[in-house]
Amino acid sequence: MDNQGYCGESFNSLQSGTSDEDMVEIAGATLDFSVTDDVPPLDREYAGGYNTYTGEGMNGTSKLMDFLDEPVPGVGTYEDFNTIDWVREKSKDRDRHREIASKSKESTWALIQSVSDAFSGWLLMLLIGLMAGALAGGIDISAHWMTDLKDGVCLNGFWFNHEHCCWTSNETTFMERDKCPQWKSWAELIIGHSEGAFAYITNYLMYVSWALLFAFLAVSLVRAFAPYACGSGISEIKTILSGFIIRGYLGKWTLIIKTITLVLAVSSGLSLGKEGPLVHVACCCGNILCHLFTKYRKNEAKRREVLSAAAAVGVSVAFGAPIGGVLFSLEEVSYYFPLKTLWRSFFAALVAAFTLRSINPFGNSKLVLFYVEFHSPWHLLELIPFILLGIFGGLWGAFFIRTNIAWCRRRKTTKLGHYPVLEVLVVTAVTAILAFPNDYTRISTSELISELFNDCGLLDSSKLCDYINLNSSKSSNELPDRPANSNVYTAMWQLALALIFKVLITIVTFGMKVPSGLFIPSMAVGAITGRLLGVGMEQLAYYHHDWVIFKGWCTPGADCITPGLYAMVGAAACLGGVTRMTVSLVVIMFELTGGLEYIVPLMAAAMTSKWVADAIGREGIYEAHIRLNGYPFLEAKEEFGHKTLAMDVMRPRRSDPPLTVLTQDHMTVEDVETLISETTYSGFPVVVSHESQRLVGFVLRRDLVISIENARKRQDGIVSTSHIYFTEYMPPQPSTSPAQLKLRSIMDLSPFTVTDHTPMEIVVDIFRKLGLRQCLVTHNGRLLGIITKKDILKHMAQMANRDPDSILFN
């Protein structure tokens, strides 16, 4: 299959045929300033000029004043794969707000509209929270049921999962509470009994068959209906929130298919999670609901504020962590996060968490996914193994990023990428065949993590809790450290094999053409490692309590070490190593588990993990995938420490032809149309004359095309020899001369400029903080060149000894 347009493909495969050497690059720059209600920030006196083209001065009157009163189709919108103009969008919103505020004093109806406009943001957050919470609850319930379907079916009703099927049974024993006559394995249904080699093979084949069916349905639906529904989606959402436009990525088809295929992909048993894709699902909800409100539908910057809040909602419903979700959006995905967005994110995350809690998908009346209750406090000396787990997490994170990116690059550059369905089926088959024999890989990853986090009590029937009880008179809350039985050692070997399996299979799974999150697989790797270390420390403390490290705090018969805590810390360390989250990670972990008193071990592990991973490679997994796909994203965390100047980066270079410009009063319609047809640049600087090169403003290609086309249709006398003026006043013309066309209203009178000796460190900072698409370079007021976002990305790659041409359109 030709993989063009498929999720995870390079930016080039989605880009139209424009020159890679565009003076103002299409990828990061083309925008159409609205001819309707879009006012230049520094040109308030010409507010009317954005609605009309006139043959007179901007403040004069003319018989042509109303020929473009109604909106022109196509103006004020963005083309696909373009960057928005943050400054202009915010200016439009301020003007809209001022207009509403001034009208509200005129009538009661206008006042009601003003209140409605102010309240609309909160109403939108409420709707996003309700919709995302309901979808997440449905996904959780469906995934749990379909995961159990691989093992058997409930006779009372096929829609019951294993746990719900046995809830009402009176024949369930406490030690074997997962066995009841109402639940039948596939071997019992097909051959009539559940013991023996033939029964095992039957269950094995059914497990693999269901896994392959779910995976095939998932990849087929993604391929046929919504190519953007694959992957995690967080890398693309980061890019979209930085101002980039990817049409359809947050559309209704993507939402529908991602919701369905996420359930199928998780149920297939692949080493992936639903947490990352739930952020994408929540952002789809936010984008779709934005269309109900005019101020969000017509303003891309305002819409991105909503999407930032929606990202917080996604994490809130994924983990039951509303505060962690807000911090995740702030720390990890958002590009522009004003205080107002913080409050609204908090409210939306609250509503979503409440909705999820009302649905109660886990059946335990708790919002948290892995509720833990550890009974012994941690000791200061335990920080040493916690930091060791942090080091492991950092090493794992750096190893995973490098190997996964290498595999994804191989997928892009070889024939492997042309067969996404076959790849998914092969990986699913390998995963299912290797996972079934091991108890800890056969169960879902969420169940595995829950079992690893668990603190063993006397009534636990898990192999991990099969200790020799020397003193059974103590209550389960005061269990001392005990010697491990043979089942514990068996479980350790199985967990060690599960660790190797998870490490290797996750590398090839993440990035396939199905919805795939990384949070849960990363946590599973860390939780297994932590549990292994925890049990080792526990047995060491039991048999060698007289060692120096245990003296004084670990006496015989005391409950010193909690292996479940080590699993929790290990999970945080590995997730931090892959994503480079810190504050939000710690908050998510204690909200996820309810372990509030274990913040310090989590902080120590998360910080150590980040330091170790950053020492090996600065990029997190999402930034690495952004760079791999060639999205125009300026990473705020990446420092620019080189001593280059704007003149070193700007175009044209010394060997290039001179900069293509428009003059303010010397060009005809034919001249401009010829210039447009012969170039692929998305915008043109306007100068006084070719000789002086004094900068007047900047005009966009699409605005020029639309304005000239509409003038030819609607203004009498506009022909190829008509002069175009960007000046405030037009000189008088003889009556025999063709009509003049004044386009000052579409020109940006305040384009951002820097001098040729401005350090690039400052230029990069300006681009990041203002969200610029291009910046003009001058010397003593004369135009010298232009710097675009693509130029900066290429320059930064060059300075980092990377191939500059691989940054974009690779």
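**Why the labels apply**

User: Why is Glu673 called partly exposed?

Analyst: In this predicted model, Glu673 has a relative accessibility of 30%. Buried would need under 20% and exposed over 50%, so with 30% Glu673 counts as partly exposed.

User: What makes Glu673 and Arg712 a salt bridge?

Analyst: The closest N and O atoms of Glu673 and Arg712 are 3.1 Å apart. The cut-off is within 4 Å, between a side-chain nitrogen of Lys or Arg and a carboxyl oxygen of Asp or Glu; therefore the pair qualifies as a salt bridge.

User: Why is this pair said to tie parts together?

Analyst: Glu673 belongs to helix 25 (residues 669–678), while Arg712 belongs to helix 26 (residues 701–714). The pair therefore links parts that are 39 residues apart in sequence.

User: Is Arg712 buried, exposed or partly exposed, and how do you know?

Analyst: Arg712 has 34% relative accessibility. That value lies between the limits of 20% and 50%, so Arg712 is partly exposed.

User: Which residues do salt bridges with shared partners join into one network?

Analyst: The network consists of Lys90, Asp93, Arg96, Asp117, Lys295, Lys302 and Glu305. Across the protein, the rule gives 23 salt bridges.

User: How do you know that Glu300 and Arg304 form a salt bridge, and where do they lie?

Analyst: Their closest N and O atoms are 2.8 Å apart, which is within 4 Å, so the rule is met. Both residues lie in helix 11 (residues 300–319). They are 4 residues apart there, so about one helical turn separates them. Glu300 and Arg304 are both buried, a term that requires under 20% relative accessible area.

User: What are the exposure values for the salt bridge of Arg627 with Glu619?

Analyst: That salt bridge spans 2.8 Å from N to O. Arg627 has a relative accessible area of 28%, and Glu619 has 24%. Buried means under 20%, so Arg627 is partly exposed, and so is Glu619.

User: Why is strand 11 called largely enclosed?

Analyst: Strand 11 covers residues 782–788, and 5 of its 7 residues are buried. It is therefore largely enclosed by the rest of the structure.

User: What makes strand 10 and strand 11 a pair?

Analyst: Pairing takes at least two bridges, and 6 bridges join strand 10 (residues 774–779) to strand 11, so the two count as paired. They run antiparallel, with Thr778 opposite Leu783 of strand 11. The two strands form a hairpin with 2 residues between them, and Asn780 in the turn has a positive phi of about 55°.

Terms used
Residues are numbered from 1 along each chain as its sequence is written. This is a predicted model: local features need pLDDT of at least 70, side-chain atom pairs count only at pLDDT 80 or more; totals for chains, interfaces and linings use all residues. Side-chain values use heavy atoms; hydrogens and water are left out. Buried means under 20% relative accessible area, exposed over 50%, partly exposed in between (1.4 Å probe, protein chains only).
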